[in-house]
Amino acid sequence: METIFNCKGFVALSGFSYQNINDACVWDDIIEFEDMFYVINSESGDMNVLRMLDHINLEQDTLIDLGDGNPWSGTVTDDGIMYITNSVSNQVTVFDVRQSKTLAFLPVGQNPQDIIIANNTVYVANSGWNGSGYDPGTV
C-alpha cells in the first residue's frame with residue numbers, strides 16, 4: 001500500500017487503513033472537498049487540512065482546533081459548509097471550510113457518531129452511549 005500522508009505519527013495508507021506509529025493521534029473521518037482533504041482527529045480534537053498537489057501527493061495546509069467535544073465524523077455541502085459530529089459534547093459543529101471559520105454549535109442527540117446530507121437535510125446518527133451503557137439511539 002502507498003503512503004499518502006502522515007498525521008502526527010499515524011501514516012494513512014491508500015484504502016483508508018492506518019498504521020499506529022507513536023500513538024500521536026487517531027483520525028476518524030476523511031472528507032474530500034474541492035482540492036483538499038479534511039482529516040478529523042478525535043483523540044487530538046483537531047482537523048488536518050491537506051492540499052492535493054497531484055493524483056498521489058498531498059501537503060499539510062493547516063491544522064484546525066475543533067475543541068474538546070471529541071470530533072468524530074463529518075460531511076460537507078456543495079457550498080463548503082461542513083458539519084462535524086462531537087460525540088462527547090452531543091453537538092454538531094457547523095464549519096465554513098472556505099473561510100476556515102466555525103459558524104455554530106448545534107445540540108443533537110446523545111453521542112452523535114455519523115452524519116450525512118440527503119435531499120438538503122442533515123441527518124445525525126446518535127448512538128445513545130451515556131458513559132456507562134447505551135440508551136436508545138436516535139436519528
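**Strand pairing and nonpolar cores**

Gln91 stands opposite Pro107 in strand E11. The model that contains this pair is predicted. The two strands concerned are E10, residues 91-96, and E11, residues 101-107, which pair in the antiparallel sense over six bridges. Another position in the same pairing is that of Val94, whose bridge partner in E11 is Ala104. E10 and E11 together form a hairpin, with four residues between them. Ser100 lies in the turn of this hairpin and has a positive phi of about 50°.

The hairpin strands belong to an open sheet of four strands, in the order E8-E9-E10-E11, and the pairing in this sheet is antiparallel. Its edge strands are E8 (71-76) and E11, each of which pairs on one side only. From one strand to the next, the twist averages 25°. In general, the strands of a sheet pair through backbone hydrogen bonds, in either a parallel or an antiparallel manner.

The nonpolar residues were examined next. The largest nonpolar core has 14 residues, and those with the most contacts inside this core are Tyr38, Met47, Met82, Ile84 and Phe95. Two or more residues are given to this core by each of the strands E4 (27-33), E5 (36-41), E6 (46-52) and E9 (81-86). Strand E5 gives the most, with three residues. A second core, separate from the largest one, consists of six residues, including Ile81, Tyr83, Val94 and Val124. Val94 is thus named both in this second core and in the pairing with Ala104 of E11. In soluble globular proteins, nonpolar side chains tend to be buried together.

Within the largest core, Met47 is one of the residues with the most contacts. When residues up to four places away in sequence are not counted, Met47 touches Tyr38, Val39, Ile40 and Asn41, as well as Thr62, Leu63, Ile64 and Leu66. Met82, Ile84 and Phe95 are also touched by Met47. Among these partners, Tyr38, Met82, Ile84 and Phe95 are themselves listed with the most contacts inside the core.

A polar residue was considered in the loop between E5 and E6, where Ser42 has its place. The relative accessible area of Ser42 is 11%, so this residue is buried, the cut-off being under 20%. The side chain of Ser42 makes a polar contact with the side chain of Asp28, at 2.5 Å.

Key
Residues are numbered from 1 along each chain as its sequence is written. This is a predicted model: local features need pLDDT of at least 70, side-chain atom pairs count only at pLDDT 80 or more; totals for chains, interfaces and linings use all residues. Side-chain values use heavy atoms; hydrogens and water are left out. A nonpolar core is a set of buried Ala, Val, Leu, Ile, Met, Phe, Trp, Tyr and Cys residues joined through side-chain atoms within 4.5 Å. Buried means under 20% relative accessible area, exposed over 50%, partly exposed in between (1.4 Å probe, protein chains only). Contact means heavy atoms within 4.5 Å. A polar contact is a pair of N or O atoms within 3.5 Å; within protein, one must be able to donate a hydrogen and the other to accept it, and residues adjacent in sequence count only if both atoms are side-chain atoms. Two strands pair if DSSP finds at least two bridges between them. Axes are lines fitted to C-alpha atoms, for helices over the stretch in contact, and angles run from 0 to 180 degrees between N-to-C directions.
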